[in-house]
Amino acid sequence: MPPPRLQGKVALITGAAGGIGLATARRFAAEGALLLLSDANTEGALHAAAELGYGASARAHDVASEQDWEDVRDWALELHGRVDVLVNNAGIFLAAPLVETKLEDFQRVLDVNVTGVFLGMRALAPSMVARRSGSIVNISSLAGIRGGPYLTAYAASKWAVRGMTKVAAKELARDGVRVNSVHPGQTDTDMNTRQREETPELVEKLIRGVPMQRLGTPTEIADAVLHLACDESAYTTGSELVVDGGAAA
């Protein structure tokens, strides 16, 4: 049996209280990672850490806050002395017609989804560069690959994540730090559960646009994140891994 793929590595996952973040935490734990979990939902993050047990720590985290990122960086380095893997997963969703999108709502999506990723990379990259080793995985979206109606704010944020990933990958490659993005399609998270309950016809329409004719699971997205986090992808940086059931094909 091969050794665990993240044995002894320290991984920080934002937005880890549920959905893709929690699935990634579970996947990483199974592969031997020491986990640092953060989320604006403090209770959810602490519950996740308790579920995962030994090697998992958690704290509150507003990813749009520069001070919070400095505190999270210091917390991580104090606990373990390093972060080997950073997964910028925290994000929020907004669907609204262009002409009905309020500026404050548009800005809030950018604050969390774009500024949060920028601050995370900026906070953790220096310690990775100093060790000449590290993997950063930024969670974008299928909306960062192609356009879609009612997604002006969300698509803007996820295209920005895609672009920042490529720039950071080129800047950090010579220092041994890899930066990649994952682009989930329609995924069976709590958000989609609410959509199915509130607008089942919309979800059915979305599924019809997926060649595999189903939603993805958080675990399937987590598997993609794991691949980019571990040494299997040692020669991969600046890439965009689309996990969408063929929707973008």
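Which residues are linked with R5 in a network of salt bridges? I looked this up before anything else, working throughout from a predicted model, and found that the network takes in R27, E31, D223 and E232 along with R5.

**Entry: salt bridges**

I then took the count for the structure, which comes to 13 salt bridges. Side chains of opposite charge can pair when their charged atoms come close. I went through three pairs individually.

For R73 and D74, I noted that the side chains meet in a salt bridge with an N to O distance of 3.1 Å. R73 is partly exposed, at a relative accessible area of 26%, and D74 is likewise classed as partly exposed, at 40%.

For R82 and D84, I found the closest N and O atoms of the salt bridge 2.9 Å apart. Here I looked up the accessibility of each partner: D84 is buried, with a relative accessibility of 6%, a value under the 20% below which a residue is called buried, whereas R82 is partly exposed at 23%.

For K166 and E240, I recorded a salt bridge between the side chains at 3.3 Å, N to O. This pair links distant parts of the chain, since K166 lies in helix α5 (residues 152-172) and E240 in strand β7 (residues 240-243), with their positions 74 residues apart in sequence. I checked both for exposure and found K166 partly exposed at 35% and E240 partly exposed at 28%.

**Entry: the sheet and the helices on it**

I next traced the strand order and found an open sheet of 7 strands, arranged β3-β2-β1-β4-β5-β6-β7 with parallel pairing. The edge strands, each pairing on one side only, are β3 (56-60) and β7; β7 is the strand that holds E240. From one strand to the next, the twist averages 15 degrees.

Within the sheet I looked at one pairing in detail: strand β5 (residues 134-139) and strand β6 (residues 177-184) run parallel and are joined by 6 bridges. In this region I noted S135 standing opposite R178 of β6.

I then asked which strands helix α4 (residues 103-131) touches as it packs on the sheet. The contacts are with β1 (10-14), β4 (85-88), β5 and β6, and the direction of α4 makes about 175 degrees with that of β4. Helix α8 (residues 218-229) also packs on the sheet, touching β4, β5, β6 and β7, and its direction makes about 165 degrees with that of β6.

**Entry: helix α2**

Turning to helix α2 (residues 42-52), I listed its buried residues as G44, A45, A48, A49 and L52. Seen down the helix axis, these residues fall within an arc of 135 degrees, and so they line one face of α2. I looked up what this buried side packs against, and the partners are α1 (19-30), β2 (34-39) and β3; of these, β3 is one of the edge strands of the sheet. The face turned away from the buried side carries the exposed residues E43, H47 and A50. After the helix comes G53, for which I noted a positive phi, near 80 degrees.

**Entry: N113**

Is N113, a residue of helix α4, buried or exposed? I found it buried, with a relative accessibility of 1%. I followed its side chain to two polar partners: the backbone nitrogen of I92, reached at 2.8 Å, and the side chain of S157, joined by a polar contact of 3.1 Å. With neighbours within four places in sequence left aside, the contacts of N113 are A90, G91, I92, Y154, S157, K158 and V161.

**Entry: S181**

My last residue was S181, placed in strand β6 and buried at a relative accessible area of 1%. Its side chain makes a polar contact of 2.8 Å with the side chain of H183. Leaving aside neighbours within four places in sequence, I listed the contacts of S181 as N138, T165, L228, S239, E240 and L241; E240 is the residue I had already met as the salt-bridge partner of K166. I also noted a C-alpha to C-alpha distance of 6.4 Å between S181 and R162, which are 19 residues apart in sequence.

Definitions and conventions. Residues numbered from 1 in each chain as written. Predicted model: local features only at pLDDT ≥ 70, side-chain atom pairs only at ≥ 80, totals over all residues. Heavy atoms only, no water. Salt bridge = Lys/Arg side-chain N within 4 Å of Asp/Glu carboxyl O. Buried < 20%, exposed > 50% of the residue type's maximum accessible area, 1.4 Å probe, protein only. Helix = DSSP H or I, 4+ residues; strand = E, 2+ residues; numbered from the N terminus. Pairing = 2+ DSSP bridges. Axes fitted to C-alpha atoms, helices over the stretch in contact; angles between N-to-C directions. Contact = heavy atoms within 4.5 Å. Arc of directions from axis to C-beta. Polar contact = N/O pair within 3.5 Å; in protein donor to acceptor, adjacent residues only side chain to side chain.
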